[in-house]
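Please look over the model shown below before reading on. The paragraphs after it move from the surface to the interior and back.

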Amino acid sequence: RVKMVEEMAVGLNKGHRVTKISVKPRPSRRKGTTSKRVKFIRELMREVTGFAPYEKRVLELLKVGRDKRALKFIKKRVGNHTRSKRKREELGRVLQQMRKAQH
């Protein structure tokens with residue numbers, strides 16, 4: 001019988017065994033997550049101001065089912081592909097809520 005070696009020099013579990021210290025996550029890990037307050041304020045502003053003219057046009061395109069055209073249009077206005085995808089998803093959710101409210 002071969003005795004298992006405690007500390008190996010090679011392999012996945014190589015090195016001296018130590019207990020991990022739990023470190024508090026840095027504030028930078030929290031960056032980008034919306035707080036309750038910010039979410040509430042954004043919803044309120046959307047309710048008060050409504051949609052921008054380009055957003056209204058995008059809603060019409062989405063109603064017809066021209067998703068790709070809507071994405072291209074948003075990208076031209078917003079300037080970034082990732083942001084435009086996010087905007088299209090947001091307006092798609094708004095459209096679903098509007099349909100749900102009607103029925």
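Is E60 buried, partly exposed or exposed? With a relative accessibility of 45%, E60 counts as partly exposed, where buried means under 20% relative accessible area, exposed over 50%, and partly exposed in between, with a 1.4 Å probe and protein chains only. This is a predicted model, in which local features need pLDDT of at least 70 and side-chain atom pairs count only at pLDDT 80 or more, while totals for chains, interfaces and linings use all residues. Residues are numbered from 1 along each chain as its sequence is written, and side-chain values use heavy atoms, with hydrogens and water left out.

The side chain of E60 meets that of K63 in a salt bridge, at 3.4 Å from N to O; the term stands for a side-chain nitrogen of Lys or Arg within 4 Å of a carboxyl oxygen of Asp or Glu. Because E60 and K63 lie three residues apart in helix α2, about one helical turn separates them. Helices here are DSSP runs of H or I with at least four residues, as strands are runs of E with at least two, and they are numbered from the N terminus. K63, at 43% relative accessibility, is partly exposed.

By this rule the count of salt bridges comes to four, and R46, E55, K87 and E90 are linked in a network of them. Within the network, the side chains of R46 and E55 meet at 3.0 Å, N to O, and although R46 is partly exposed with a relative accessible area of 27%, E55 is buried at 5%. The side chains of E90 and R46 also form a salt bridge, at 3.1 Å from N to O. That pair links distant parts of the chain, with E90 in helix α4 and R46 in helix α1, 44 residues apart. E90 is partly exposed, with a relative accessible area of 27%.

The interior can be followed through the largest nonpolar core, which has ten residues in all: Y54, V58, L59, L61, L62, A70, F73, I74, L91 and L95. A nonpolar core is a set of buried Ala, Val, Leu, Ile, Met, Phe, Trp, Tyr and Cys residues joined through side-chain atoms within 4.5 Å. Helices α2, α3 and α4 (81-102) each supply at least two residues of this core, and the largest share, five residues, comes from α2.

Back at the surface, R57, R66, K68, R69, K72, K76 and R77 form a positive patch. Patches are made of residues with over 30% relative accessible area and no salt bridge, like charges being joined within 9 Å and nonpolar side chains (Val, Leu, Ile, Met, Phe, Trp, Tyr) within 5 Å; accessible areas come from the Shrake-Rupley method with a 1.4 Å probe, and for residues only the protein chains shown count as cover. Lys and Arg count as positive and Asp and Glu as negative, without His and the chain ends, and the place of a charge is NZ of Lys, CZ of Arg, CG of Asp or CD of Glu. The largest share of the positive patch, five residues, comes from helix α3 (residues 67-78), whereas R66 is found in the loop between α2 (53-64) and α3 and is partly exposed at 45% relative accessibility.

A nonpolar surface patch of about 490 Å² is made by F40, I41, L44, M45 and V48. F40 is found in helix α1 (residues 36-49) and is exposed, with a relative accessible area of 52%.
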